[in-house]
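Visitor: I'd like a close look at one part of this model, the way its helices pack. Please start from the chain as a whole and take it slowly, since I'm new to this.

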2 protein chains.
Amino acid sequence: MTKARSGMVKTDKGQQTRAAILETALETFREQGYERTTMRAIAERAGVALGNAYYYFHSKEHLIQAFYGRTHQEHLDACAALLKNELDLKARLLGVMNTKIATLEPYHRFAGKLFKTAADPHSPLNPFSDESDPIRKDSIQLFAEVVAGAKIKVPKDLMADLPYMLWLYHMGIILFWIHDPSARRARTHRLIDRSVDIIVKLIGIASNPLMKPLRKSAIRLITELRQDVSAIAD
Amino acid sequence: MTKARSGMVKTDKGQQTRAAILETALETFREQGYERTTMRAIAERAGVALGNAYYYFHSKEHLIQAFYGRTHQEHLDACAALLKNELDLKARLLGVMNTKIATLEPYHRFAGKLFKTAADPHSPLNPFSDESDPIRKDSIQLFAEVVAGAKIKVPKDLMADLPYMLWLYHMGIILFWIHDPSARRARTHRLIDRSVDIIVKLIGIASNPLMKPLRKSAIRLITELRQDVSAIAD
DNA sequence: GCCGCGTTTTGAACAGGTTCAAAATAATCC
DNA sequence: GGATTATTTTGAACCTGTTCAAAACGCGGC
């Protein structure tokens, strides 16, 4: 997660410099927002030369990827207890979602710019990109646990793709959150309440044998969509 | 649609200059892509000074909005016949979607950058922004016609929000299309086939009286989401 | 100590988006 | 027509992300 992603850091001193730049960057992003933070400012504040920041991070955008990893890890930790103790699917999903946006909250200010760059198909920050693969896998895994640990019966076929579907759903919620200017993200929370309720109901309905044909084609669609998306890196 | 959006153009000569810059810009975008097209190149090719381009378009991104309007208009025209003659909902929706991506195709190359900027909540290009309101309304209206002109019965409550839902769906497809590198966008077309099929089935199922409770809460969710999103401009 | 070599650091230079004050041009009024 | 005002046009200057060749540093081997 917070691993060095490149072969450029060879010494301990290098690690420290890299860390210092990253800390300074995230700190400044939180304070000033992404746009208003210049690479020169980061370098100066971190006590290194401008070029040095580029030695460790290929671009300003690359600084963002560290943010992904960090908040994801925080989120995992914050969810651990809930996932260990709670058995009700609805409560589990609700908890995971609310925790997620709580984790992201300090960065709401620049989250917009973040998503902006992430939406670019050619950007390595794109959540579907190869470079994002580890975190994406990890993130989907989290939703697999949400389902697996719940006392609920779902058909095998649905079970297989449900984690991915929930991950997609969670991306949608984040997108909404980014655009949500309401106090304490009240609207996002309300949206989560409502949508989680519906999702759980839908899972129930979809599990009904009568729904098998529709379920099948929906799953097939998702499967294909998934393949397609991951095939994009060519 | 293609109306001048600012109070800065007062004379006929001004209109012409504005148009020239816009044409040159879109042309160059198509040829070179968005990133590789510099404002200096646009200005030079259009035979004006650099600053003049900024007199008519606040920023490079603002040049994109014209693209929205233009392709939307093209799409409307291309759909007119179908919507007049076809009665089957599935065929109507399928046609509108396939036509949409056909219209966008010449710009696929820079569509990524386009969406990238559009994803920024603070960008006027954001499809949910005030500045995008006219086109958005118009676009949703198109889907209202898709439904209204079909020989199909849907409950009133669903009818009210269905156009918006379909519009959201169509945004999702565009997002996929942007990321789709397959030859002749085969995957996007397949996704459209599959998803339209499911949507039509879902509409059928949701219209069942037994589904009323779930339908109600889903509609409520969408309604709120919609309000929220449009309330963002504050 | 000092040489060689890989790693890290530096800062100047470049590129392209953006701003702005001033100049040129067009429209309006007398 | 001339003066006044509004609109359009210009290009130099600025800012910030990015590149790169050269310098500095750290360290094992002698």
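Guide: Let's start with the inside of the chain. Chain A has 234 residues, and 31% of them count as buried. Keep in mind that this is a predicted model. The secondary structure of chain A is easy to remember: 10 helices and 0 strands. If you read along the sequence, you just get α after α: α-α-α-α-α-α-α-α-α-α. Along the principal axes, the C-alpha atoms of chain A fill a box of roughly 65 × 40 × 30 Å. Take the contacts in chain A between residues with a separation of 6 or more: 64% of those involve residues 24 or more positions apart.

Now zoom in on helix α1 of chain A, residues 12-32. There's a neat check you can do here. At 1.5 Å a residue, its 21 residues should span 30 Å, and the end C-alpha atoms are 30 Å apart, so the two agree. The expected span uses one less than the number of residues, in case you want to redo the sum.

Which residues of α1(A) are buried? They are A:R18, A:I21, A:L22, A:T24, A:A25, A:L26, A:T28 and A:F29. It helps to know that an α-helix has 3.6 residues a turn, so residues three or four places apart point the same way. As for what covers the buried residues of α1(A), the cover includes α2, α3, α4 (62-85) and α6 of chain A. After α1(A) comes A:G33, with a positive phi near 90°.

Next, hop over to chain B to see how one helix packs on another. Two packed helices are described by the angle between their axes and the distance between the axes. For α1(B) and α4(B), the angle is about 85° and the axes are 10 Å apart. Angles from 65 to 115 degrees count as roughly perpendicular, and α1(B) and α4(B) are therefore roughly perpendicular to each other. On the α1(B) side you'll find B:L22, B:A25 and B:L26, which meet B:L63, B:A66 and B:F67 in α4(B). Sorted by class, this contact has 6 nonpolar residues, no polar ones and no charged ones.

Let's stay with one of those residues, B:L63. It sits in helix α4 of chain B, residues 62-85. Buried or exposed, then, for B:L63? The cut-off for buried is 20 or more other C-beta atoms within 10 Å. B:L63 has 24 C-beta neighbours inside 10 Å, so B:L63 counts as buried. Leaving out residues up to four places away in sequence, B:L63 touches B:L22, B:A25 and B:F57. B:L22 is 41 residues from B:L63 along the chain, yet their C-alpha atoms are separated by 6.9 Å.

The same kind of look works where the two chains meet. Here, 33 residues of chain A are in contact with 33 residues of chain B. On the chain A side, the elements giving two or more residues are α6 (108-118), α8 (156-179), α9 (186-207) and α10 (212-230). The largest share of that side, 9 residues, comes from α10(A). By class, the residues on this side divide into 14 nonpolar, 6 polar and 13 charged.

For a single example, take A:L191, in helix α9 of chain A. A:L191 is buried because it has 21 other C-beta atoms within 10 Å. Not counting residues up to four places away in sequence, A:L191 touches A:I173 and A:F176 in chain A, plus B:E224 and B:L225 in chain B.

Just before α9, there's a curious pair. Most residues other than glycine have a negative phi. A:R184 is not a glycine, yet its phi is positive, about 50°, and A:R185 likewise has a positive phi, of about 55°. A:R184 is found in the loop between α8 and α9 of chain A, and A:R185 lies in the loop between α8 and α9 too. A:R184 is exposed, with 9 other C-beta atoms within 10 Å, whereas A:R185 counts as buried, with 20 C-beta neighbours inside 10 Å.

Last stop: the DNA. There are 21 residues around DNA strand D, and the closest are A:T38, A:G51, B:G14, B:A49 and B:G51. The elements giving two or more residues to this surface are α2 (39-46) and α3 (50-56) of chain A, together with α1 (12-32) and α3 (50-56) of chain B. α3(B) gives the largest share, 4 residues. By class, the residues near strand D divide into 9 nonpolar, 8 polar and 4 charged.

Technical notes. Residues are numbered from 1 along each chain as its sequence is written. Chains are lettered from A and ligands numbered from 1 in the order in which they are written. This is a predicted model: local features need pLDDT of at least 70, side-chain atom pairs count only at pLDDT 80 or more; totals for chains, interfaces and linings use all residues. A residue is near a molecule or strand if its C-beta atom, placed from the backbone, lies within 6 Å of it. Ala, Val, Leu, Ile, Met, Phe, Trp, Tyr, Cys and Pro count as nonpolar, Asp, Glu, Lys and Arg as charged, and the others, Gly among them, as polar. Two residues are in contact if their C-beta atoms, placed from the backbone, lie within 7 Å. A residue is buried if 20 or more other C-beta atoms lie within 10 Å of its own, exposed if 12 or fewer, and partly exposed in between; C-beta atoms are placed from the backbone. Axes are lines fitted to C-alpha atoms, for helices over the stretch in contact, and angles run from 0 to 180 degrees between N-to-C directions. Angles under 35 degrees count as roughly parallel, over 145 as roughly antiparallel, 65 to 115 as roughly perpendicular and the rest as oblique.
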